[in-house]
Amino acid sequence: KKTTRLCINKANIWNRALDGFRNQNFNPSYAIEVAYVIENDNFGSGHPGSKQEFLSVLMQHLENSSLFEGSLSKNLSLNSQALKGNLYYEAGKMLAIYLVHGGPSPGFFSKTLFNCLVYGPKNTQPILDDVSDFVVAQIIIRINTATTKQSGQITDLKSVINECYNYPELIGYLRFITTLSDKYMLVKDILGYHVIQRVHTPFER
């Protein structure tokens, strides 16, 4: 069976893996051989390594990278430097190689990210737990829990909207609030923007 060799420095596994996968001689359909080498050694003179260990460590690095946000369940982040370096595409390629070569399903995707990948962003509705930005989460909570002060009025909700005015206006989802039910649509809009539409470019990579 044909093999392709990756020379990996454990101290810099992410960049060396990127170099290996980007190499024009790398063929993802071949069996992977891993050689652990010292810095600046491109000849694979180091000792043979475990492919599964390498893939596992690579996934751990990816999980904790700036390409994702969230504590346990991860969603895509918006990282301008990663976009410039085309790292979202490279991460997708790594995930594909990881699965093809026997790695278990990544366990760090949020349900929302999984649904976006499987069913498409338009068929996915994020939830509050998907929002890792504390300020945005607080805005959503305040709007969602706003109530009337008197029956038939929307005084409290309008007050909250006025206080949180800047963010809905900034993202283009400032609604004219006439009933309490409007707040649910506003919350849905903010969630959809922050978790999905804001990261449309990384997702498309």
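## Exercises on a predicted model

Leu55, Ser56, Leu58, Met59 and Leu62 of α2 make contact (heavy atoms within 4.5 Å) with Ala91, Met94, Leu95 and Tyr98 of α4. By class, the residues of this contact are eight nonpolar, one polar and no charged. Here Ala, Val, Leu, Ile, Met, Phe, Trp, Tyr, Cys and Pro count as nonpolar, Asp, Glu, Lys and Arg as charged, and the others, Gly among them, as polar.

This is a predicted model: local features need pLDDT of at least 70, side-chain atom pairs count only at pLDDT 80 or more, and totals for chains, interfaces and linings use all residues. Residues are numbered from 1 along each chain as its sequence is written, and side-chain values use heavy atoms, with hydrogens and water left out.

**Exercise 1. Describe how α2 and α4 cross.**

Step 1. Pick the descriptors. Two packed helices are described by the angle between their axes and the distance between the axes.

Step 2. Locate the helices. Helix α2 covers residues 51–63, and helix α4 covers residues 87–100. Helices (H or I, at least four residues) and strands (E, at least two) are DSSP runs, numbered from the N terminus.

Step 3. Read the values. The two axes come within 11 Å and cross at roughly 145°. Axes are lines fitted to C-alpha atoms, for helices over the stretch in contact, and angles run from 0 to 180 degrees between N-to-C directions.

Step 4. Assign the hand. The α2 and α4 crossing is left-handed. Left-handed means that the near helix is turned anticlockwise from the far one by less than a right angle; clockwise is right-handed.

**Exercise 2. Set the overall dimensions of the protein against a compact globule of 205 residues.**

Step 1. Count the elements. The protein has 10 helices and five strands.

Step 2. Compare the radius of gyration. The protein has 22 Å, whereas a compact globule of 205 residues would have near 17 Å. The radius is taken over C-alpha atoms, and the globule rule is 2.2 Å times the number of residues to the power 0.38.

Step 3. Check the box. Along the principal axes, the C-alpha atoms fill roughly 75 × 30 × 25 Å.

Step 4. Check burial and surface. Of the 205 residues, 42% count as buried. The cut-offs for relative accessible area are under 20% for buried, over 50% for exposed, and partly exposed in between (1.4 Å probe, protein chains only). The accessible surface comes to about 11900 Å², and 52% of that belongs to carbon and sulfur atoms. Areas come from the Shrake-Rupley method with a 1.4 Å probe; for residues, only the protein chains shown count as cover.

Step 5. Check contact range. Take contacts between residues at least 6 apart in sequence: 60% join residues at least 24 apart.

**Exercise 3. Is Ser80 buried or exposed? Treat Ser66 likewise.**

Step 1. Place Ser80. It sits in helix α3 (residues 80–84). Ser80 has 52% relative accessibility, so it counts as exposed.

Step 2. Place Ser66. It lies in the loop between α2 and β4 (68–69). Ser66 has 46% relative accessibility, so it counts as partly exposed.

Step 3. Find the neighbors of Ser66. Leaving out residues up to four places away in sequence, Ser66 touches Ser77 and Asn79. Its C-alpha is 8.1 Å from that of Ala82, 16 residues apart along the chain.

**Exercise 4. Which sign does the phi of Asn86 have?**

Step 1. Place Asn86. It is in the loop between α3 and α4.

Step 2. Read phi. Asn86 is not a glycine, yet its phi is positive, about 60°.

Step 3. Add accessibility. Asn86 is partly exposed because its relative accessible area is 30%.
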